[in-house]
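Reader: I'm new to this, so please pick one part of the structure and take me through it slowly. I'd like to know what sits beside what, and how you can tell.

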Amino acid sequence: TEKTFAIIKPDGLLGNYTDDIKRTIVEYGFRILKEKIVQLDEGTVKSFYAEHSSKSFFSSLIKYMTSGPVLIMVLEKDNAIADWRALMGPTDASKAKITHPHSIRAKCGLDMEKNCVHGSDSPKSAQREISFFFKELSAE
Ligand code: ATP
Ligand code: MG
């Protein structure tokens, strides 16, 4: 099996999508190994999304991700990384509504920025992101 890291972003949590999303996660065969509600601060988001630090949307992304609490999770199943990305749908939620209407971002996201959920994009990022938030899993 494989682990991946997921976030229900502030718009997802605020919009009461959490139970729906978690039900979908379990329905698709993921095990929720860890979960925690946290309020991210600016420094944490900057470091978490460091790969985007030079992008024009970076300051807006920090504002969005610190705008309210998020739910962070470690998910586990075979092929968890790719399967969770597929279940989330494309980054741009407004396009997801047309091309991937059953995806999570289509259902609870809004646009290119406010897209409701995060998922690790590779085994390397999954490992980095899991140990970033859950130190007790960092050896695995
Ligand atoms: P995530 O990393 O959150 O799972 P992703 O891998 O689909 O999303 P990335 O390219 O890694 O997309 O972008 C990280 C996040 O930054 C996006 O989820 C979105 O919230 C925001 N973002 C990305 N591109 C833009 C953009 N062009 N304008 C505004 N916000 C953006
Ligand atoms: Mg990404």
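Author: One bit of vocabulary before we start: helices (H or I, at least four residues) and strands (E, at least two) are DSSP runs, and they are numbered from the N terminus. With that, a phrase like this one makes sense: tyrosine 49 lies in the loop between helix H3 (42-48) and H4. Keep in mind that this is a predicted model.

Let's make the sheet our part. It is an open sheet of 4 strands, and if you walk across it the order is E2-E3-E1-E4, with antiparallel pairing. At the edges you find E2 and strand E4 (117-119), each of which pairs on one side only. From one strand to the next, the twist averages 20°.

Now go through the pairs. Strand E2 covers residues 31-38, and 7 bridges join it to E3, the two running antiparallel. If you want a spot to look at there, find isoleucine 37, which stands opposite leucine 71 in E3. Next, E3 and E1 pair over 7 bridges, in the antiparallel sense. Here lysine 3 has glutamate 76, in E3, as its bridge partner. Last come E1 and E4, which are antiparallel too and pair over 3 bridges. In that pair, isoleucine 7 has histidine 118 of E4 as its bridge partner. A helix joins the picture as well: H8 packs on the sheet and touches E1 and E3, and its direction makes about 60° with that of E1.

So is E1 buried or exposed? Of its 7 residues, 6 are buried, so E1 is largely enclosed by the rest of the structure. Zoom in on one residue and you can see some of the company. Leaving out residues up to four places away in sequence, alanine 6 touches Met73, Leu75, Trp84, Val117, His118 and Gly119.

Alanine 6 also leads us to the core. The largest nonpolar core has 30 residues, and Ala6, Leu75, Trp84, Ile104 and Val117 are those with the most contacts inside it. Among the elements that give two or more residues to this core are strand E1 (2-8), strand E3 (70-77), helix H5 (80-88) and helix H8 (123-133). There's a general habit behind this: in soluble globular proteins, nonpolar side chains tend to be buried together.

What about the loops that lead into and out of the sheet? Start with asparagine 79, which sits in the loop between E3 and H5. Its phi is near 60°, a positive value in a residue other than glycine. Asparagine 79 counts as exposed because it has 12 C-beta neighbours inside 10 Å, and 12 or fewer is the cut-off. Compare cysteine 116, in the loop between H7 and E4. Phi is positive for cysteine 116 too, near 75°, and again the residue is not glycine. But cysteine 116 counts as buried, because it has 25 C-beta neighbours inside 10 Å and the mark for buried is 20 or more.

Just past that loop, the sheet meets a ligand. Which residues are around ligand 1? They are His52, Phe57, Leu61, Thr91, Met112, Glu113, Asn115, His118, Gly119 and Asp121. You have met His118 already, as the bridge partner of isoleucine 7. Gly119 came up too, as one of the residues that alanine 6 touches. By class, this shell has 3 nonpolar, 5 polar and 2 charged residues.

One last stop, back at the helix on the sheet. Serine 125 is in helix H8, and with 16 other C-beta atoms within 10 Å it is partly exposed. Along the chain, serine 125 and lysine 3 are 122 residues apart, while their C-alpha atoms are separated by 11 Å. Set that beside glycine 15 and glutamate 35: they are 20 residues apart in sequence and 18 Å apart in space, C-alpha to C-alpha. Glycine 15 belongs to the loop between helix H1 (10-14) and H2. And tyrosine 49, where we began, is 16 residues from methionine 65 in sequence and 10 Å from it in space, again C-alpha to C-alpha.

Definitions and conventions: Residues are numbered from 1 along each chain as its sequence is written. Chains are lettered from A and ligands numbered from 1 in the order in which they are written. This is a predicted model: local features need pLDDT of at least 70, side-chain atom pairs count only at pLDDT 80 or more; totals for chains, interfaces and linings use all residues. A nonpolar core is a set of buried Ala, Val, Leu, Ile, Met, Phe, Trp, Tyr and Cys residues joined through C-beta atoms within 7 Å. Two residues are in contact if their C-beta atoms, placed from the backbone, lie within 7 Å. Two strands pair if DSSP finds at least two bridges between them. Axes are lines fitted to C-alpha atoms, for helices over the stretch in contact, and angles run from 0 to 180 degrees between N-to-C directions. A residue is near a molecule or strand if its C-beta atom, placed from the backbone, lies within 6 Å of it. Ala, Val, Leu, Ile, Met, Phe, Trp, Tyr, Cys and Pro count as nonpolar, Asp, Glu, Lys and Arg as charged, and the others, Gly among them, as polar.
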